[in-house]
Every structure is written in C-alpha cells, then in structure tokens.
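Work through the exercises below with the sequence and the model open. Each task is followed by its solution in steps.

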Amino acid sequence: MMMNKPANWDSVEAITGEYKKLPAGGYVCSIVRAECTKSKNGKEMLKLAIDIAEGEYKDFYLNQYLQEQERNKEQAKWRGSYYQLTEGDSMGRFKGMLLNIEKSNSGYKWNWNEKSLEGKLFGGVFREEEYINRNGGLSTAVKLISIRPVEGITDIEPPAKKVLENNNNLAENFGEEIPF
C-alpha cells in the first residue's frame, strides 16, 4: 500500500524540530513574574519566571513560549523558571540572590513583596545539564543555576556540563527491538 499525498501538502508549514538553543554561559536576564509558593516538601520558596533581557538571545523564553502556543495552546509552558527556597539552610542563598538583584537595579531595595521583583534585571549563570527524558533516553537542557549581579556577567566562563553519574543503563530502557 502506498501513502496518499494530502491535498494541502504544499501549503502546510514544515516543523523541523530545529530551534535556537541557549548556550551555557552568563546572560543579562529579567524577572517576568515572581510568586511565593510551597515546595513539594511544604517549604516556602520563591518561583521566578525569567527571560534573557539583552543580546542575541533576548526574549528567548518568550519566543519559545509563543512558538509552543502556536502549536498547542493548552499545553504551552513558560520554560524559563528559577526556584529558590527561602527558609532554613537556604536562607543565605536567598539573601545573596536578593542582594545581587539589588546590585543590578540602581535604587531598588528588597521590600518583602515578591511582586516588586518583576521587571528587575540580574546576571544569570546558565549550565547545560543531562537528564533522562520521558522516553528513557538521555537529553540535555540549559538551566539557570545562579543569580549574580549584571556587571561582568557576559564575560564569565560557561560552567562545566552537569552529567548524570550513571547513564550506562540507557540502552536497557529501550531494549533491542524497534517498537513497530
């Protein structure tokens, strides 16, 4: 049996799966949204929606979201996120993050209102990280790992890639046979 060519084949836009990937490194970023929430363990944390604010990758996460929304409105997600616990052992890191945001925004002073963070700039350090995808294969993503001052952020060396310690079992997840 041979496939039939659909009538609208020539007018359909091809989706090749290719997109601009954010390289690891330092970027001037902005906070799009901020909210106080709870972690899975019930600890208070700050959730930030972020985006790249300058340069070649400006609006990287916004553009990614808009492309996703075109394809599937209900399932579109904002991919630029950062989570920071705000209590216990994480309090020092939280305070450091806030001081770096203050340094990056002349005249801004943290006032215990998370909404005041929206629109603020910061220096973001991004690292490539390996993970096991939903099909059991090895994939990589570039994630924000540290919030620093804007000054000098684009000159930093990209952090080393975070690799999974034991990815030898990946082939076992797929098995030997092709699934059709």
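Helices are DSSP runs of H or I with at least four residues, numbered from the N terminus. The model is predicted.

**Exercise 1. Place Glu 102 in the secondary structure, and decide whether Glu 102 is buried or exposed.**

Step 1. Glu 102 belongs to helix α2, which runs over residues 91-104.

Step 2. The cut-off for buried is a relative accessible area under 20%. Glu 102 has 16% relative accessibility and therefore counts as buried.

**Exercise 2. Which residues does Glu 102 touch, leaving aside residues up to four places away in sequence?**

Step 1. With those neighbours left out, Glu 102 touches Tyr 108, Lys 109 and Trp 110.

Step 2. For Trp 110 there is also a polar contact: the Glu 102 side chain reaches the backbone nitrogen of Trp 110 at 2.8 Å.

**Exercise 3. Check the span of α1 against the expected value.**

Step 1. Helix α1 has twelve residues, and at 1.5 Å a residue it should span 16 Å.

Step 2. The end C-alpha atoms of α1 are 17 Å apart, which agrees.

**Exercise 4. Which residues of α1 are buried, and what covers them?**

Step 1. The buried residues in α1 are Phe 60, Tyr 61, Gln 64 and Glu 68.

Step 2. These residues cover an arc of only 90 degrees around the axis, so they lie on the same side of α1.

Step 3. Their cover includes β2 (44-52), β4 (121-132) and β5 (138-148).

**Exercise 5. How many aromatic pairs does the structure hold, and how is the pair of Phe 60 and Tyr 61 classed?**

Step 1. There are eight aromatic pairs in the structure.

Step 2. The ring centres of Phe 60 and Tyr 61 are 5.0 Å apart, with 90 degrees between the planes. Planes over 60 degrees apart count as edge-to-face, and this pair is edge-to-face.

Step 3. Both Phe 60 and Tyr 61 are buried. Together with Tyr 27, Tyr 57 and Phe 126, they form one aromatic cluster.

**Exercise 6. Describe the pair of Tyr 65 and Trp 78 in the same way.**

Step 1. Tyr 65 and Trp 78 are 5.8 Å apart centre to centre, with 45 degrees between the planes, and the pair is tilted.

Step 2. The pair links distant parts of the chain, 13 residues apart: Tyr 65 is in helix α1 (residues 60-71), and Trp 78 is in the loop between α1 and β3 (81-85).

Step 3. Tyr 65 is partly exposed, at a relative accessible area of 23%. Trp 78 also counts as partly exposed, at 25% relative accessibility.

How values were computed. Residues numbered from 1 in each chain as written. Predicted model: local features only at pLDDT ≥ 70, side-chain atom pairs only at ≥ 80, totals over all residues. Heavy atoms only, no water. Phe/Tyr/Trp six-rings, centres within 6.5 Å; stacked < 30°, edge-to-face > 60°. Buried < 20%, exposed > 50% of the residue type's maximum accessible area, 1.4 Å probe, protein only. Helix = DSSP H or I, 4+ residues; strand = E, 2+ residues; numbered from the N terminus. Polar contact = N/O pair within 3.5 Å; in protein donor to acceptor, adjacent residues only side chain to side chain. Contact = heavy atoms within 4.5 Å. Expected span 1.5 Å × (residues − 1). Arc of directions from axis to C-beta.
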